[in-house]
Amino acid sequence: MQYYLLSLKWSKGKDKYVWWGPENSGYTEDLNQAGIYTEEDLDKRPLYYRNTTTYAVPVETVKKMITQTVVPTLSENWDLMNIDVSKLPHY
């Protein structure tokens, strides 16, 4: 099974959960930048990955919690849609 690591410490008081980054490096609110840890990872250092400030949450559980998927209005995305924004008079 695969897990995201929820930082209870850094999530406290925020409107979004804060997750560990990959390879124990930093924290993020963006799941696309969060690390995914295996059962084997967690078993190697159980007190490090499962303690009062860190909680291992199965990836499948987190996927059920996602309430919004948005697409940012980046220039690269306009290009992918083949829309020339400069030719849109109202934009």
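# Briefing: ring contacts, charge pairs and surface of a predicted model

Arginine 50 places its charged end over the ring of tyrosine 3, at 5.8 Å from the ring centre. The structure described here is a predicted model. Within it, a search of the whole structure finds 4 salt bridges, and 9 aromatic pairs are present. The points below take up the aromatic rings, the charges over rings, the salt bridges, and some individual residues.

**Aromatic pairs around tryptophan 20**

- A pair of aromatic rings is described by the distance of the centres and the angle of the planes.
- The structure contains 9 aromatic pairs.
- One of them joins tryptophan 20 and tyrosine 48, whose ring centres are 5.3 Å apart; the pair is edge-to-face because the planes stand at 75°, and the cut-off for that class is over 60 degrees.
- This pair links distant parts of the chain, since tryptophan 20 belongs to strand E2 (residues 19-20) and tyrosine 48 to helix H3 (residues 46-49), 28 residues apart.
- Tryptophan 20 has a relative accessible area of 7% and is therefore buried, the limit being under 20%.
- Tyrosine 48, by contrast, counts as partly exposed, with a relative accessibility of 33%.
- Tryptophan 20 also forms an aromatic pair with tyrosine 49, with 5.7 Å from centre to centre and 50° between the planes, and this pair is tilted.
- Here too the pair links distant parts of the chain: tryptophan 20 lies in strand E2 and tyrosine 49 in helix H3, 29 residues apart.
- Both tryptophan 20 and tyrosine 49 are buried.
- One aromatic cluster is formed by Trp10, Trp20, Tyr27, Tyr37, Tyr48 and Tyr49.

**Charges over rings**

- The charged end of arginine 45 sits over the ring of tyrosine 48, at a distance of 3.9 Å from the ring centre.
- Tyrosine 48 thus has a charge over its ring and is also a member of the aromatic cluster.
- In the case of arginine 50, the ring beneath the charged end is that of tyrosine 3, with 5.8 Å to the ring centre.

**Salt bridges**

- Side chains of opposite charge can pair when their charged atoms come close.
- The whole structure holds 4 salt bridges.
- Glutamate 29 and lysine 14 form a salt bridge in which the closest N and O atoms are 3.5 Å apart.
- Glutamate 29 lies in the loop between strand E3 (27-28) and strand E4 (37-38), while lysine 14 lies in the loop between helix H1 (8-11) and E2, so the pair ties together parts that are 15 residues apart in sequence.
- Glutamate 29 is partly exposed at 37% relative accessibility, and lysine 14 is partly exposed with a relative accessible area of 45%.
- Another salt bridge brings together the side chains of glutamate 39 and arginine 50, at 3.4 Å from N to O.
- This pair links distant parts of the chain, with glutamate 39 in helix H2 (residues 39-44) and arginine 50 in the loop between H3 and strand E5 (54-58), 11 residues apart.
- Glutamate 39 counts as partly exposed at 27% relative accessibility, and arginine 50 counts as partly exposed at 37%.
- Arginine 50 therefore takes part in a salt bridge with glutamate 39 and also has its charged end over the ring of tyrosine 3.
- Lysine 63 forms a salt bridge with glutamate 60, with the closest N and O atoms 3.8 Å apart.
- Lysine 63 and glutamate 60 are separated by about one helical turn because they are 3 residues apart in helix H4 (residues 59-65).
- Lysine 63 counts as partly exposed, at 48% relative accessibility.

**Surface patch**

- Leu80, Met81 and Ile83 form a nonpolar patch on the surface, and together they have about 310 Å² of accessible area.
- Leucine 80 is located in helix H5 (residues 75-80).
- With a relative accessible area of 69%, leucine 80 is exposed.

**Serine 7 and proline 58**

- Serine 7 is part of strand E1 (residues 2-7) and is buried, with a relative accessible area of 2%.
- A polar atom of the side chain of serine 7 lies 3.1 Å from the backbone nitrogen of tryptophan 10.
- Proline 58 is part of strand E5 and counts as partly exposed at 22% relative accessibility.
- From C-alpha to C-alpha, proline 58 and serine 75 are 34 Å apart in space, and they are 17 residues apart in sequence.

Definitions and conventions
Residues numbered from 1 in each chain as written. Predicted model: local features only at pLDDT ≥ 70, side-chain atom pairs only at ≥ 80, totals over all residues. Heavy atoms only, no water. Phe/Tyr/Trp six-rings, centres within 6.5 Å; stacked < 30°, edge-to-face > 60°. Helix = DSSP H or I, 4+ residues; strand = E, 2+ residues; numbered from the N terminus. Buried < 20%, exposed > 50% of the residue type's maximum accessible area, 1.4 Å probe, protein only. Lys NZ or Arg CZ within 6 Å of the ring centre and 35° of its normal. Patch = residues over 30% accessible without salt bridge, like charges linked within 9 Å, V, L, I, M, F, W, Y side chains within 5 Å. Areas by Shrake-Rupley, 256 points an atom, 1.4 Å probe, with all protein chains shown as cover. Polar contact = N/O pair within 3.5 Å; in protein donor to acceptor, adjacent residues only side chain to side chain.
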